[in-house]
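User: Could you take a close look at the buried interior of this thing for me? I'd like one connected walk-through, starting from whatever the database record says and ending with how far I can trust the picture.

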Amino acid sequence: MPTNAPTAAKTLSDVTASDSTLRRFLHGLPGVDAVGLEARAASLGTRSIKTTAKAYAIDLAISMVDLTTLEGADTPGKVRALGAKAVHPDPTDRTTPTTAAVCVYPDMVAVAKEAVAGSGVKVASVATAFPAGRAALPVKLADVRDAVAAGADEIDMVIDRGAFLAGNYLKVYDEIVAVKEACGASARLKVIFETGELSTYDNIRRASWLGMLAGADFIKTSTGKVAVNATPANTLLMLEAVRDFRAQTGVQVGVKPAGGIRTTKDAIKFLVLVNETVGEDWLDNHWFRFGASSLLNDLLMQRQKLATGRYSGPDYVTVD
Amino acid sequence: MSDATRLSVFKTYKLYVGGKFPRSESGRVYEVTDSKGNWLANAPLSSRKDARDAVVAARKAVGPWSGATAYNRGQILYRIAEMLEGRREQFVREVADAEGLSKSKAAAQVDAAIDRWVWYAGWTDKIAQVVGGANPVAGPYFNLSSPEPTGVVVVLAPQESSFLGLVSVIAPVIATGNTAIVIASEESPLPALSLGEVLATSDLPGGVVNVLSGRTAEIATPLAAHQDVNAIDLAGADDVLAKELEIAAADNLKRVLRPQPVDYTETPGIDRMTAFLETKTVWHPTGSLGASGSSY
């Protein structure tokens, strides 16, 4: 999909000069053809992925999972159990890849870090007053610094949807820039738009560009805490945004759909979207992630089915 | 409008899975004929994916169904009998077509099947007293055994007795709180598929009984190997298939009820119920309680 966005990289550095230039740029992005987008996402979801391709897709999907627990009732024990599962998703089959990361609240980062030590599994932490993001900037930044200091490799921040919907784009931009700075050189920043609260596809496209202009390493659909989370359509839209952004600036940005992805079939549909929209460059857990908790169990059951030829059941994976 | 000009309305027979009436995921159907080879209807030809979906539905229903009171299960089983009574004519016709019986003989089969639901409805809250109880032990303990349902049970319905045989194998499985995946008689699946419509209107929660039609061997093989199935009733399997399925079932130690010659017109006894029950025994300390509320 070609965009009418300004093509010169120089123009992009100018668009964040003031609130009005930023608004002019974001509102100058082409409108989204909602029907076409949903039809495209649905048609890509009909691909049949079988046998060896399926085995590859399942292992790839497992390696892309950000195994998540974001409950008020999280205990150190639960986080340790999650860490153990991230390192050895299927203890009966050590050929299973590790997940990409575990995703926890900032106060659990130290526990998670210890649980996955030496395994290559990263620790991601939500921050900036997740999930609402309704706190003052110094509070959000302190939240981020805490998580980074505790050893988080990745920070999942939420944007200020209120400011975004009010048209206060520069405020959102400045916040992301400030959080990016607080992450320092060590932590990658994922920016959560909470697409379910942005109302329109046009807004999702604008938010994607805004996040990428502000220096996001990843753009992420949702918190998993609202009714509408990742859908094939909104993920496809964000994939188009990162593709166009790389074409214009040469900077590659990752995508993370989160929430509502529960089955292997769903996960494979997302992988097809990635392959068909942005190509193999993104088929790696450095550039594409699934934010999920129950998805991993279904992936493991499908993996066992492929390995043994027998349908597996919930008795053969952990209860989280 | 005269009878001659009215177009006939054919019925689309569909599966019954999770309380819904889906077509086969594969989109396939096969022709069902009466005993003389005349075409009756097309029935869904289920695939192993339909079987997998049925297991998911049945597993989901285990909790609520086994947790329902025995009294409530009895009421629901009796309700099935009531609903069947109202559709007696339809089942008489289907059984007569399927098995080549006269109207009166088919009617006798349907009546016996309705009575069988009533019979098992009465057993739901009595089976625990018969096969469970307090065991005498040499210590200050109550020792209590109680029967518990096994879980998800795959039932290969009898091939010959398309309705009475079918009811005689489903009812004992669900009476005790199991959930069932029923593979209908391959040659005459129509009474089983129609039974799904009765079950759907009998307050039976969706997923407690799931009815699949198609090639018995094709559907039963993945189910026998399925790790999330707890037991299998091989009533409708021939010797060769039964042996194969029993080997596949051994992998996760499924309970297996081997095929045996049964006269379905006789009073069944409780064997088919106890085949899918597990006995849980608990030790409970007894004796006088001290001031602390404990006897220790």
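Analyst: A quick word on the record before we go inside: UniProt positions are given here in the numbering of this structure, and an annotation may be inferred rather than shown by experiment. With that in mind, the UniProt entry, which is unreviewed, carries the annotation "domain: Aldehyde dehydrogenase" over residues 26-256 of chain B. That span is 52% helix and 18% strand, and its end C-alpha atoms sit 28 Å apart. Keep in mind throughout that we're looking at a predicted model.

Now for the interior. As background, nonpolar side chains tend to be buried together in soluble globular proteins. The largest nonpolar core here has 96 residues, and the members that touch the most others are A:A61, A:V65, A:V102, A:A112, A:I155, A:V191 and A:I219. The element that gives the most to this core is helix 11 of chain A, residues 232-249, which puts in eight residues. There's another core apart from that one, made of 85 residues, with B:V62, B:A96, B:V182 and B:V211 among them.

Two of those well-connected members are worth a stop. Take A:V191 to begin with, which you'll find in strand 5 of chain A, residues 188-192. It counts as buried because 29 C-beta neighbours fall inside 10 Å, where 20 would be enough. Leaving out residues up to four places away in sequence, A:V191 touches A:M157, A:I159, A:I176, A:G211, A:A216, A:F218, A:I219 and A:K220. Notice A:I219 in that set: A:I219 is itself one of the core members that touch the most others. For a sense of distance, the C-alpha atoms of A:V191 and A:A42 are separated by 26 Å, with their positions 149 residues apart along the chain.

The other stop is A:I155. With the same sequence neighbours left out, A:I155 touches A:S125, A:A127, A:V144, A:A147, A:V148, A:C183, A:A187, A:L189 and A:K190.

Some backbone oddities of chain A turn up in the loops. In the loop between strand 3 (122-127) and helix 7 (137-149) of chain A sits A:P131, and the peptide bond leading into it from A:F130 is cis, with omega near 0°. A:T128 is found in the loop between strand 3 and helix 7 as well. A:T128 isn't a glycine, yet its phi is positive at about 60°; it has 30 C-beta neighbours inside 10 Å, so it counts as buried. Further along, in the loop between strand 5 and helix 10 (201-213) of chain A, there's A:E194. A:E194 is another residue other than glycine with a positive phi, near 55°, and its 25 C-beta neighbours inside 10 Å are why it counts as buried.

For contrast, try A:H88, in the loop between helix 5 (76-87) and strand 2 (101-104) of chain A. It has 14 other C-beta atoms within 10 Å and is therefore partly exposed.

Over in chain B, helix 6 makes a nice buried piece to look at. All of B:L164, B:G165, B:L166, B:V167, B:S168, B:V169, B:I170, B:A171, B:P172, B:V173, B:I174 and B:A175 in that helix are buried. That's twelve of its twelve residues, so the helix is largely enclosed by the rest of the structure. Its length checks out too: at 1.5 Å a residue, residues 164-175 should span 16 Å, and the end C-alpha atoms are 16 Å apart. After helix 6 comes B:G177, whose phi is positive, near 105°.

Where the chains meet, eight residues come from chain B and seven from chain A. On the chain B side, the elements that give two or more residues are helix 1 (48-67) and helix 8 (216-225). By class, that side has three nonpolar, two polar and three charged residues.

Finally, trust. Chain A averages a pLDDT of 93, with 97% of its residues scoring at least 70; chain B averages 94, with 96% at or above that cut-off. The model as a whole scores ipTM 0.82 and pTM 0.89. Go carefully with residues 1-8 of chain A, where pLDDT stays under 50 and the model has eleven contacts beyond four places in sequence.

Note on methods: Residues numbered from 1 in each chain as written. Chains lettered and ligands numbered in written order. Predicted model: local features only at pLDDT ≥ 70, side-chain atom pairs only at ≥ 80, totals over all residues. Helix = DSSP H or I, 4+ residues; strand = E, 2+ residues; numbered from the N terminus. Expected span 1.5 Å × (residues − 1). Core = buried A, V, L, I, M, F, W, Y, C linked by C-beta atoms within 7 Å. Contact = placed C-beta atoms within 7 Å. Nonpolar A, V, L, I, M, F, W, Y, C, P; charged D, E, K, R; others polar. pLDDT = per-residue confidence, 0-100.
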